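I opened this entry to keep track of what I looked up, one topic at a time.

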Amino acid sequence: MRIYELAKEIGVDSKELLGQIQDFGVEAKSHMSSVDDVTADHFRTSAASAGGTAVATAPDKEAPAMAPQAVVVEAKEETPAPASEQAADTALAEDKDPTGETQKSGDEDAPTGDDGSTLRFQGPIVVKELAARMNFKPNRLIADLMAMNVLASINERLDVKVAQNIARKHGFSLEYEKRSATMKPIVRKSLVESAEDDDQPEDLIHRPPIVTFLGHVDHGKTSLLDKIRNSSVASGESGGITQHIGASVVETNGQQITFLDTPGHEAFTAMRARGANLTDIAVIIIAADDGVMAQTEEAIQHAHAAEVTIMIAINKIDLPAANIDRVKQQLQGLDLAPEDWGGSTICAEVSAMTGDGVGHLLDMILLQSEVMELTANPTRRAQGYVIEAELQQGTGPTSSLLVTSGTLNVGDAVLCKPHWGRVRALTNDKGVKLKSAGPSTPVVCIGLCGVPEAGSEFQVYQNEKAARVEADSHLALLKQEKLAAPKRSTSIADVFESMKEDEKHVLKVILKADTQGSVEAIRESLLNIESDKISLDVILSGTGNITKNDINLASASAAIVVAFHVSQENGVGKAVKAHDVEIFMHSIIYELLDQVRDLMTGMLDPELRERVLGHAEVRQVFPISKTGKIAGCFVTDGRISSRMKIRVKRGDDVVYEGSMVQLKRFQNDASEVREGQECGIRLDNFANFDEGDILEVYEVDKVAQTL
Ligand code: GDP
């Protein structure tokens, strides 16, 4: 008997039972491992004698707490929105926070708001943020900083003075307001809550898994989803007719699973490219008579790129031509060996036609989600993503939202850039009106002032005014950037940036070529590029022209597209522009390989090498003002230049590192003083010289690394 089955029978968590069985001395790898009858009986008896769950106890009684079920209210009309939005605003504008202060607009981490050539910052000024606000590519700003002798990487914080200098150089003035420490918690509480890190462990509860079906066309994704939905409705648990709202919730054994309707991996990746990475588990559907096809492989590659958990459903087992073993063999060749073949991929055999195995598939999904320990905090203000949206006659804009954390309530103020509004009504996938919706719940929301884009993020704000001010400042920013829509960029600079954040140097590549032979040859050569500092990951390889879908995948996964002897399909140019994806087209293999090698070298952080240029000894110290002192020095070797970096050494200690504000030779300012000459040196923020101190001047060179 398998461990998860035993766990279900005696009503305990299968992970817990696995641990107990291992402690008992029985070898068991996972919840799918089998135990013999003696062991099973032992655990049955001890569970019963523990007074906990008798063998016959319904499993859901002991199931982990799930996200709160959406609260159902009577199906009466919600109070209509005030006829005049203005009136609503005026009323809401008076909202007070618990401190009694009238709310200020904007969220805590947002800039105070730029206005024309004035950039306003609160908190740290990070290179990439400053570049974005000045409408520059980050590497241009880095180059400018280097020209000012400031070495900074894209995620580094800048000194306020340096930031102000560089902003001035480009015609901006930069105003900096230090964030008040006492303000912080108040603002955080009263406006939007965003950082997941703030969740206290005691606030976290299990949430239903979010599942997507992917696979080759006609292998049964739609049929299987329909079968699952209908059997759930037929069992009377949900009590309504399934509405197509882009996702649905299915109940099985008292637990919920949320299914996203994605008509394939194209839509799945397109959502990801817009920033909505919602899926926890991708179930790859493979028809038992057809086996693994081109799009099955592509779907698997897309799921891998999304870093979601992959499960397999072998469908159409009712057909006489079904050959389950052949599918399993093919899966083994794709590094997805099924568990019963010694691998670790959960593989369920089903028929969407007869319903055979569907219950088992749902059990397997729940088991998998139990292992993943999916949690969310239902107590915070809701946030999540738009699954689909439309303008409906009579109701105005309606949006299907999937709550990922927090609880969304009727009456909440929502921002879904560039739209905002107040939730006037929430309806679930069974057409039932709700008062609130917790984590992993999809709902149709009425109340936004416009139709948002599928894949965009929504957040609940303290009040409607705060949401609107944020929406307005977003619109102003869009206008300023002359962008029609929010854009995620995947230029090489961004690929570089994403690697820095991860501290992992991996170049992700999508490879398209004319024949399977060239795909394999190029893939092999790419993977053979040797480097101990950076690795290359071909996240998708295939034959045929570059498609929009490839561009979405590149954008969603921060990858580049490398193409050999193929061209681009219609619409690709537009997608490339929208996402700023880099495509490298080649017709000569060694040129392609050279280019990838060059890209990899460019992605390595340049090595910083220090070059000492000279030393001077402090012979006498002259006070020049109340606090200022100038060191009278003798250059013992090399040269001293006023533009170089400098440190003060006292014996073995370094007592100062910084820069020079003045270098004098006799009475005059000098730019350089050579060995054997005397000079006067004044330092920035340091005057505590002692006679005998050694001043060392140096430069830092950036040296490109080799692979
Ligand atoms: P999708 O393109 O992956 O969404 O595939 P569909 O759900 O549209 O199914 C394609 C065809 O296969 C339809 O004609 C279905 O009726 C049929 N089909 C789906 N599942 C099964 C199954 O389990 N057994 C049989 N015999 N036919 C199935």
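**Strand pairing around β28**

I began with β28, which pairs with strand β33 (residues 694–703) in the antiparallel sense, and I found 5 bridges between them. Within that pairing I looked up K649, whose bridge partner in β33 is I694.

I then followed β28 (residues 645–650) to strand β29 (residues 653–665), where the pairing is again antiparallel and runs over 6 bridges. Here I looked up K645, and its bridge partner in β29 is S659. The hairpin of β28 and β29 has 2 residues between the strands, and in this hairpin I noted that G651 takes a positive phi near 60°.

**Helix α2**

Which residues of helix α2 are buried? For this helix, which spans residues 14–23, I listed S14, L17, L18 and I21 as the buried ones. They cover an arc of only 105° around the axis, so I place them on the same side of α2. Just after α2 I came to G25, which takes a positive phi of about 100°.

**Confidence**

This is a predicted model, so before closing I checked its pLDDT, which averages 79 over the protein, with 80% of the residues scoring at least 70. Over residues 233–239 the pLDDT is below 50, and I noted 7 contacts in the model for this stretch beyond near neighbours in sequence. Residues 482–489 also have a pLDDT below 50, and beyond near neighbours in sequence that stretch has 20 contacts in the model. I remind myself that predicted coordinates should not be read in detail where pLDDT is low.

Note on methods: Residues numbered from 1 in each chain as written. Predicted model: local features only at pLDDT ≥ 70, side-chain atom pairs only at ≥ 80, totals over all residues. Heavy atoms only, no water. Buried < 20%, exposed > 50% of the residue type's maximum accessible area, 1.4 Å probe, protein only. Helix = DSSP H or I, 4+ residues; strand = E, 2+ residues; numbered from the N terminus. Arc of directions from axis to C-beta. pLDDT = per-residue confidence, 0-100. Contact = heavy atoms within 4.5 Å. Pairing = 2+ DSSP bridges.
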